[in-house]
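Please open the model in your viewer and keep the sequence at hand, since each stop on this short tour begins with a selection and then says what is found there.

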Amino acid sequence: MEMETVKLSQIVMKWFPEMIPFFRQNELNSMIVLRDGLSILEQDDALEIIQFSICEHQSQTPLH
């Protein structure tokens with residue numbers, strides 16, 4: 001299996017579609033590189049990717 005680049009929205013839609021309203025558009029548009037592709041991504045791995053992505057976007061947000 002080759003690496004595959006997908007948007008975070010594809011991962012969220014596959015495993016946790018009910019969470020879509022809680023994401024900002026720039027978060028959903030984040031590009032994620034999957035070592036083995038989306039087709040074999042496990043739910044636990046998807047959740048870890050989503051959590052990491054949220055943390056990354058929060059660290060880039062300036063505090064007021």
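Begin with the largest pocket of this predicted model, which encloses about 170 Å³ of space. To display its lining, select Val33, Leu34, Arg35, Asp36, Gly37, Ile40, Leu41, Glu42, Asp45 and Ile49. Colouring by secondary structure will show that β2 (31-34) and α3 (43-59) are the elements that give two or more residues to this lining. If you colour by residue class instead, the lining of the largest pocket divides into 5 nonpolar, 1 polar and 4 charged residues.

Next, turn to the largest nonpolar core, a set of 14 residues in which Leu8, Ile11, Ile32, Leu34, Leu41, Ile49 and Ile50 have the most contacts inside the core. At least two residues of this core come from each of α1 (8-15), β2 and α3. Leu34, Leu41 and Ile49 deserve a second look, as they are listed among the residues lining the largest pocket and also among those with the most contacts inside the core.

Now select Leu8 alone and ask which residues it is in contact with, leaving aside its neighbours within four places in sequence. The contacts of Leu8 are Phe23, Glu27, Leu28, Ser30, Ile32, Ile49, Ile50 and Ser53.

For the last stop, move to Pro17, which is placed in the loop between α1 and α2 (25-28). Is Pro17 buried or partly exposed? Its relative accessibility is 38%, and therefore Pro17 counts as partly exposed. To relate this loop residue to the pocket lining, draw a C-alpha to C-alpha distance from Pro17 to Ile40: the two are 18 Å apart in space and 23 residues apart in sequence.

Conventions. Residues are numbered from 1 along each chain as its sequence is written. This is a predicted model: local features need pLDDT of at least 70, side-chain atom pairs count only at pLDDT 80 or more; totals for chains, interfaces and linings use all residues. Side-chain values use heavy atoms; hydrogens and water are left out. On a 1 Å grid over the protein atoms alone, a cavity is a set of points where a 1.4 Å probe fits but cannot get out, and a pocket is an open set with protein on both sides within 12 Å along at least five of seven lines; lining residues have an atom within 4 Å of a point. Grid points are joined across faces, edges and corners, and a volume is the space filled by probe spheres set on the points. Helices (H or I, at least four residues) and strands (E, at least two) are DSSP runs, numbered from the N terminus. Ala, Val, Leu, Ile, Met, Phe, Trp, Tyr, Cys and Pro count as nonpolar, Asp, Glu, Lys and Arg as charged, and the others, Gly among them, as polar. A nonpolar core is a set of buried Ala, Val, Leu, Ile, Met, Phe, Trp, Tyr and Cys residues joined through side-chain atoms within 4.5 Å. Buried means under 20% relative accessible area, exposed over 50%, partly exposed in between (1.4 Å probe, protein chains only). Contact means heavy atoms within 4.5 Å.
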